[in-house]
Amino acid sequence: MKIIYPGTFDPITNGHINLVERALSLFDGIILAVAVNSKKQTKFSIDERVLLAKSALKKYGPKVQVCQFSGLLIDFAKKEGVKAILRGLRAVSDFEYEFQLAAMNKRLQPNIETLFIAPAEQYAYLSSSLVREISELGGDVSQFVPKEVNSALYRIKAINP
Ligand code: ADP
């Protein structure tokens, strides 16, 4: 059975990857679905977010697919024939939004379940937004992101110092 892991991935972090690794021990495959029309103003374009995720997850082979989607997640999940959605729960602060989202998706598509996985402790406070902020302020984020993301952040800084 496959599970779909949706998100903005702006950019993908070691926390996202930890979740993928955990889910791989439970599911035959994972579709990491990068949202095109996210409500968020993103630092990386959709193509960059997909490329970075692909390159960071290459080591897991064909069990992990990366693709982009627009529109409603449940429609995309249905089209892919997937019955489960993966989301991460870090701190209590994630709970309210994630709970609302899961309940709404269940209403819209009762056959699809949302599963939550908590990351390893060292990733519990890691988020893409913190990574972007630290990097923009000149901090070193190499311990929080895969090496291709670290290089991409350096490249952006070199262009827009
Ligand atoms: P979204 O805009 O959909 O929240 P994100 O890329 O920020 O997209 O997050 C995608 C999913 O990954 C969310 O469920 C989020 O809670 C989870 N997530 C993000 N960072 C981590 C982390 N460090 N550990 C566990 N889950 C995480």
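The following exchange concerns a predicted model of a protein chain with a ligand.

Trainee: What makes the pair between Phe9 and the ligand a polar contact?

Mentor: A backbone N or O atom of Phe9 lies 2.9 Å from an oxygen atom of the ligand. A polar contact is a pair of N or O atoms within 3.5 Å, so this pair qualifies.

Trainee: Which ligand atoms do Arg90 and Leu126 approach, and through which of their own atoms?

Mentor: For Arg90, a polar side-chain atom lies 3.3 Å from a nitrogen atom of the ligand. For Leu126, a polar backbone atom is 2.8 Å from a ligand nitrogen atom. Of the 550 Å² of accessible area that the ligand has on its own, the protein covers 91%.

Trainee: Where does the ligand sit, and which elements supply at least two residues each of the shell around the ligand?

Mentor: The ligand occupies the largest pocket. The elements are β1 (2-7), α1 (14-24), β4 (84-88) and α4 (92-108). The ligand is surrounded by 17 residues, and Tyr5, Thr8, Lys40, Gly88 and Leu126 are the closest. By class, seven residues of the shell are nonpolar, five are polar and five are charged.

Trainee: Why does the radius of gyration of the protein chain agree with that of a compact globule?

Mentor: A compact globule of 161 residues would have a radius of gyration near 15 Å, and the protein chain has 15 Å, so the two agree. The C-alpha trace spans about 50 × 35 × 30 Å along its principal axes.

Trainee: How many helices and strands does the protein chain have, and what is their order?

Mentor: The protein chain has six helices and five strands, running β-α-β-α-β-α-β-α-β-α-α from the N terminus.

Note on methods
Residues are numbered from 1 along each chain as its sequence is written. This is a predicted model: local features need pLDDT of at least 70, side-chain atom pairs count only at pLDDT 80 or more; totals for chains, interfaces and linings use all residues. Side-chain values use heavy atoms; hydrogens and water are left out. A residue is near a molecule or strand if one of its heavy atoms lies within 4 Å of it. A polar contact is a pair of N or O atoms within 3.5 Å; within protein, one must be able to donate a hydrogen and the other to accept it, and residues adjacent in sequence count only if both atoms are side-chain atoms. Accessible areas come from the Shrake-Rupley method with a 1.4 Å probe; for residues, only the protein chains shown count as cover. On a 1 Å grid over the protein atoms alone, a cavity is a set of points where a 1.4 Å probe fits but cannot get out, and a pocket is an open set with protein on both sides within 12 Å along at least five of seven lines; lining residues have an atom within 4 Å of a point. A molecule sits in a cavity or pocket if more than half of its atoms lie within 2 Å of its grid points. Helices (H or I, at least four residues) and strands (E, at least two) are DSSP runs, numbered from the N terminus. Ala, Val, Leu, Ile, Met, Phe, Trp, Tyr, Cys and Pro count as nonpolar, Asp, Glu, Lys and Arg as charged, and the others, Gly among them, as polar. The radius of gyration is taken over C-alpha atoms; the globule rule is 2.2 Å times the number of residues to the power 0.38.
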